[in-house]
Structures are given as C-alpha cells and as structure tokens.
Amino acid sequence: CGHLYSACMLTLLSEKASQILTSEAKRVRKSGVNMLIREFRVVLPLSLEEYQVGQLYSVAEASKNETGGGEGVEVVTNEPFENEEMGKGQYTHKIYHLASKVPRLIRVLAPKGSLEVHEKAWNCYPYCKTVITNPDYMKDGFHITIETWHIENDRGEQVNVHKLSKELLEKREVIHVDIANDPVDAKDYNKEWDPTKFHSEKTGRGPLGPDWKKTTTPIMCCYKQVTCEFKWWGLQGQVESRIQKVYPRLFRNFHRQVFCWIDEWYGMTMDDIRRIEADTKAKLDEQRREGEVRGTSEQ
C-alpha cells in the first residue's frame, strides 16, 4: 500500500528500533546480504475503488492518533509524480519520530538519528511501492520494501501476482490474513473494529461469518510482498522473527479498521481524500509542536 498505515507502522518500527539498538554490541558488519520475502494476502469485502478511498482515509485517521509532543508522523511530501518506471501516481515521504515508542533506557543510549525512520511511497493504484529506511543511522545497511497489487474480484488465490523468478519464489512464504476469523491479541481488540459484529448502515455489509470470503460480494485482495534486506550480519534471525509476528498483526488490525470505518468514508471521492490529507498534515504539524505524546509508548 502506498502509505504504511501510520499508527500501526509506528508499532512495528519502534519494536524494530529496540531490537536493532539492543543488539548493537553484538553487531558485526559484513558485506553479505540476506533477503527475506513474505507475501501477505488480505481479502476484503470491498470494491477496488472503495478500498482506495477507505485505506487513505484510515491512514489519515490513524496518523492523528499516534502524533503529539514532538513524536509521531511528519508528512514531508505528498504530491503527484510521474516517471518512466511506474507512470503517474502520488508520492509521499514521511518521517516517523519514535523516541517515546522505545524503552527509556534505549532512548538514553540511542545514537542520534537511530529513532527516526523514513518512509517513501509511490502510489500508482492499484500498484503501490513503499520503501522504509533509517538513513541517519543504519544508512544503506537495512531497508524494507513493500510492493502491493490490489486485485478486484479476487479471493487471494493467484500463485505469482508479483511475477517473481523461480529462485525468489522458492524463498517466498505466503501468509493469508483473515480480518474476521484470525485471532486478535487482547490488547488490540476493540468491539467497534470487529467485522464479525459490525454491520454497515450505509452498505448493508457485515457482520462477516466464518465463510465470508467464499460468499461475499464485492470482494478484492491486497497482495502485499514484504522484502527485507540486511547488510548488518547477526540481525537476520531477530528481524525475521519480528516480521513473522508483527506484519500479520499490522495488516490484520489496520484492515479491520478500514472495513469497520466504512460508514465514515463511504461515498467520499479522491478529491475529498486529498483535502483530508492536507488538513491532516496541518494537524500533525500542530500536534507535534504543541500537543502531548499520544498513542503507544514505552517507559
């Protein structure tokens, strides 16, 4: 997805920052690269056009919930772009300020720049590409790339939508995310975001039953390929474990919100979304300057 669901991504990145920094004493720099590939398939009871609006609306809302007191999401750039590789789309550059999102001891010991993560995204919907880096500290030593294809009338059954080579297919692991039936951590659960209990007044959709993916229309799938590359030897196992645990949680929680917020965004146009994004940027800037720290934090 072109934007990485700001508030949820803060949780992922802060956990990763803690993991990296607590391993600093053991780190040995080598030239080798280990690449991990996971493909997450998220099926949704939405049309392709609906998801484009709903996803962007939800990103804006989530960002505001995790920003304040110098922390959270900073939108550096949000503008149209065009290039030969991807064509036309929307480019965004965000910086996630994470100091309060890691334990206090790590905060004190962390090198300058280590708790700021950059996200650059090219949204050429239905294709989107996002690259996450830590340029001020890890420089070119680490990045996560997320490439997403959004496919209409699809239940997550395509074998190779990203057109990987045979070699990369052998490395790829496919993980299916079910927004209704997958277990949800107690700390993440909110009845208002439960698709098995939610009913949309505007669309008549929901609640979603055990076999909803087989019977629901409209239907679509987000094929999210997450690729991690490392040049810092000794972290691969730790980060792989984080990816396995955190990304399904990230994608599951966010998309439960997208569906259960449908009555808030249904009927909006992309022009409406761009106005909301502009307003959100102004609010985020104000919250970082003057507000209190919000959202998930560590002591």
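Student: Before we start, what counts as a contact here?

Tutor: Contact means heavy atoms within 4.5 Å. With that cut-off, residues 24 or more positions apart make up 78% of the protein's contacts with a separation of 6 or more.

Student: And what sort of model is this?

Tutor: It's a predicted model: local features need pLDDT of at least 70, side-chain atom pairs count only at pLDDT 80 or more, and totals for chains, interfaces and linings use all residues. Residues are numbered from 1 along each chain as its sequence is written, and side-chain values use heavy atoms, with hydrogens and water left out.

Student: OK, how many helices and strands does the protein have?

Tutor: Eight helices and eight strands. Those are DSSP runs numbered from the N terminus, with helices being H or I of at least four residues and strands being E of at least two.

Student: How much of the protein is buried?

Tutor: Of its 299 residues, 54% count as buried. Buried means under 20% relative accessible area, exposed is over 50%, and partly exposed is in between, using a 1.4 Å probe and protein chains only.

Student: Any cavities inside? How many of 30 Å³ or more?

Tutor: Three. A cavity is a set of points on a 1 Å grid over the protein atoms alone where a 1.4 Å probe fits but cannot get out. Points are joined across faces, edges and corners, and the volume is the space filled by probe spheres set on them. The largest cavity holds about 130 Å³.

Student: Which residues are closest to the centre of that one?

Tutor: Val75, Asn78, Lys94, Glu277 and Thr280, out of 13 lining residues. A lining residue has an atom within 4 Å of a point.

Student: Which helices and strands supply at least two residues of that lining?

Tutor: Helix H2 (48-65), strand E2 (72-83), strand E3 (87-97) and helix H8 (270-290) each do. By type, the lining has five nonpolar, five polar and three charged residues. Here Ala, Val, Leu, Ile, Met, Phe, Trp, Tyr, Cys and Pro are nonpolar, Asp, Glu, Lys and Arg are charged, and the others, Gly among them, are polar.

Student: Back to H2. How many of its residues are buried?

Tutor: 14 of its 18, so H2 is mostly covered. From first C-alpha to last, H2 reaches 26 Å, close to the 26 Å expected. That expected span is 1.5 Å times one less than the number of residues.

Student: Switching topic: where are the cis peptide bonds?

Tutor: One runs from Tyr125 to Pro126, with omega near 20 degrees. Pro126 sits in the loop between strand E4 (116-124) and strand E5 (127-133). Another joins Gly206 and Pro207, with omega about -5 degrees. Pro207 is in the loop between strand E7 (173-177) and helix H5 (212-215).

Student: What does Pro207 touch, leaving aside its neighbours within four places in sequence?

Tutor: Pro195, Thr196, Lys197, Phe198 and His199. The C-alpha atoms of Pro207 and Lys197 are 5.1 Å apart, though the two residues are 10 apart along the chain. Pro207 still counts as partly exposed, at 48% relative accessibility.

Student: Last one: where does Asn153 lie, and what about Lys163?

Tutor: Asn153 lies in the loop between strand E6 (142-152) and helix H4 (166-171), and Lys163 is found in the loop between E6 and H4 too. Asn153 has a positive phi of about 50 degrees although it isn't a glycine. Lys163, also not a glycine, has phi near 55 degrees.

Student: Are they buried or exposed?

Tutor: Asn153 is exposed at 63% relative accessible area, and Lys163 is exposed at 71%.

Terms used:
1 Å grid on protein atoms, 1.4 Å probe; cavity = no way out; pocket = protein on both sides within 12 Å on 5 of 7 lines; lining within 4 Å.
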